[in-house]
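Let's take a walk through this structure together. Have the sequence and the 3D view ready, and we'll go piece by piece.

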Amino acid sequence: MTEITSLSLFELIKNIKEKKISSNEAAKSFVDRSEKSKKLNAYVTENFENCLQLSKEFDNKPNFDLKLPGIPIAVKDLFCTNEVRTTAGSNILNNFVPSYESTVTQNIWNEGGILLGKLNCDEFAMGSSNETSFFGNVQNPIAKDLVPGGSSGGSSSALAANLTPVTIGTDTGGSIRQPASFTGTVGLKPTYGSCSRYGIVAFASSLDQAGPMSKDVEDCSILLEVISSFDKKDSTSIDFKRNNYSSELTRNIKGIKIGIPKEYRVDGMPEEIENLWKKGIEYAKDCGAEIIDISLPHTSYALPTYYIVAPAEASSNLARYDGVKYGLRSSGESLIDMYEKTRSEGFGEEVKRRIMIGTYVLSSGYYDAYYLKAQKVRQLIKQDFDQAYNKVDAILTPSTPSSAFKIGEKSNDPVSMYLNDIFTVPVNLAGLPAISIPAGTDKNNYPLGLQIIGKPFDEQTVLNIAYSMEEKINYKNNIIDWWME
Amino acid sequence: MTIDLKTVKHISKLARISLEEKKAEKLANDMNSIFEFIEKLNELKTENVEPLTSIAETTLRFREDKITSDNIREKILKNSPEKNDDFFVVPKVVE
């Protein structure tokens, strides 16, 4: 039989329901593999003992009607977990133990999921390579010293290395889709307002969304169905009728109109990305989709807009870390001195850089020139998509402008690091759902992803197109467990 | 436009982040390269565009003013760097 850890979530659930595998056997397998995979540095906090105990309790009193019956799941360390340390990858929250649970993780436990551990991420989700984490770099299981993407880098690494059957990440500018693309896995950012933000350590509140990461599209639909819910505790949660994403999943996308935006052909885009996109278009046609050329004229303004909006919101959200009620405190001679030293020692370089940018663009005399201007351009970017969706049902683009890069390769140049998110950021600004699916490899055999962007609240079409294309692409990760002890 | 050292120090005061001289210089450089990149927005005319303030087109909901969480004072205080009985302790503010 195939190893338990390499089963898809769907297969694992099936085996547990048919009593071929117990929850405890599953938990033991994932714990054991995680223990042997410390070189990846995917975990910040392990919950292995608890997980094994809870899996036994599940087996003693099983409930097979649940959607995730006794399934161990590790989650990004940006989700607050009751009584389990939550760091957001930051020194300032190094010792923080929440007294409440995020809605998204609570939804998972309510359906029978069991917390396996908390996964590494860029500090406060600010980064595209997991290099800004206080807890160190994460290795990409694809190859040694390769970044796993970010900010959900621990999540993508753990998932690709089979340390967890599925996982969840958060995506503010591409933090689910880019790491999925870098590790040959599937990652979906839902429509803004689909998944509750309650209990997620806030980065940029008008952009942040939680979403599923998985080995295939079917698993992605199962997990989305669990985590997407209307939540009174999140003031921007939207009460719309959610699909039964997994049971409504179909490969029949005949006649679906897919747009190809010419502005995503950016200067200096490597030929292999261009070729991947062309191949993707052919796959979509093979699946029965109709391909239509479209224009999203303000695409090149998305990144500059994002680098005003996101830091502005971050500087405001991160004002709460002052060393008083929780988190790190450095000693100071006065209250102000204590604040300044705490924040200087508690935050890493990238976070400080973004707080500074955010503070500057919101400061007196600059608000109109930067923040208001960015909000106006954000409107234009959203209108681009609105107009495109009069003609098409979804949009197909590459997920990233390159494959995974080496650790350290881009960490000294913030702008070159930011350019990584060029294809993912417009989607967050417009609040749309989008998925990244593995679609091929580059010359080094590193995975490359394609992105499918949908209409607001139309995750089902996005999933269906991905499901259909996935079968045609038939991508398989070739991971050789080089890190195993 | 360039952001000088004086501005960086002023912003760091506003952001309540203490900054060493050497780091301030590096930060000024980083911020300048980021703002150079941001200036691209000035190519666009936006006088007649409504700013997009919220992507979710909903009005904020009202709720009853009622306590819904359990008594978690102990747990909350447990995370505090310094406390005294039921209070958070901070360095002396009044002389």
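**A helix among strands, then a small sheet**

Take helix H8 of chain A as a starting point: what covers its buried residues includes strand S7 (257–261), strand S8 (290–294), strand S9 (394–398), strand S10 (434–441), strand S11 (447–454) and helix H15 (459–473) of chain A. Keep in mind that this is a predicted model.

So which residues of H8(A) are buried? They are A:Ile273, A:Leu276, A:Trp277, A:Gly280, A:Tyr283 and A:Ala284. Look down the axis of H8(A) and you'll see these buried residues fall within an arc of 115°, so they line one face of the helix. There's a simple rule behind this kind of pattern: an α-helix has 3.6 residues a turn, so residues three or four places apart point the same way. Now turn to the face of H8(A) that points away from the buried side, and you'll find the exposed residues A:Glu271, A:Lys278 and A:Glu282.

How does the length of H8(A) work out? This helix has 16 residues, running over 271–286, and at 1.5 Å a residue it should span 22 Å; its end C-alpha atoms are 23 Å apart, which agrees. Just after H8(A), A:Gly288 takes a positive phi of about 100°.

Now let's move to another part of chain A. Here an open sheet of 3 strands has the order S1-S3-S2, with mixed pairing. Its edge strands are S1 (43–46) and S2 (72–76), each of which pairs on one side only. From one strand to the next, the twist averages 35°.

Why call the pairing mixed? S2(A) and S3(A), residues 114–119, run parallel and are joined by 5 bridges, whereas S1(A) and S3(A) pair in the antiparallel sense over 3 bridges. You can pick out partners by eye. On the parallel side, A:Ile73 stands opposite A:Leu115, and A:Ala74 stands opposite A:Gly117. On the antiparallel side, A:Thr45 stands opposite A:Lys118.

Is S3(A) enclosed or open? In this strand, 6 of the 6 residues are buried, so S3(A) is largely enclosed by the rest of the structure.

Helices join in here too. Helix H2 of chain A, residues 23–35, lies across S1, S2 and S3, running at about 45° to S2(A). Then there's helix H4 of chain A, residues 103–110: together with S2(A) and S3(A), H4 makes a right-handed β-α-β unit.

Methods. Residues are numbered from 1 along each chain as its sequence is written. Chains are lettered from A and ligands numbered from 1 in the order in which they are written. This is a predicted model: local features need pLDDT of at least 70, side-chain atom pairs count only at pLDDT 80 or more; totals for chains, interfaces and linings use all residues. Helices (H or I, at least four residues) and strands (E, at least two) are DSSP runs, numbered from the N terminus. The expected span of a helix is 1.5 Å times one less than its number of residues. A residue is buried if 20 or more other C-beta atoms lie within 10 Å of its own, exposed if 12 or fewer, and partly exposed in between; C-beta atoms are placed from the backbone. The arc is that of the directions from the helix axis to the C-beta atoms. Two residues are in contact if their C-beta atoms, placed from the backbone, lie within 7 Å. Two strands pair if DSSP finds at least two bridges between them. Axes are lines fitted to C-alpha atoms, for helices over the stretch in contact, and angles run from 0 to 180 degrees between N-to-C directions. A crossover is right-handed if, with the strands pointing away from the viewer, the path from the first strand over the helix to the second runs clockwise.
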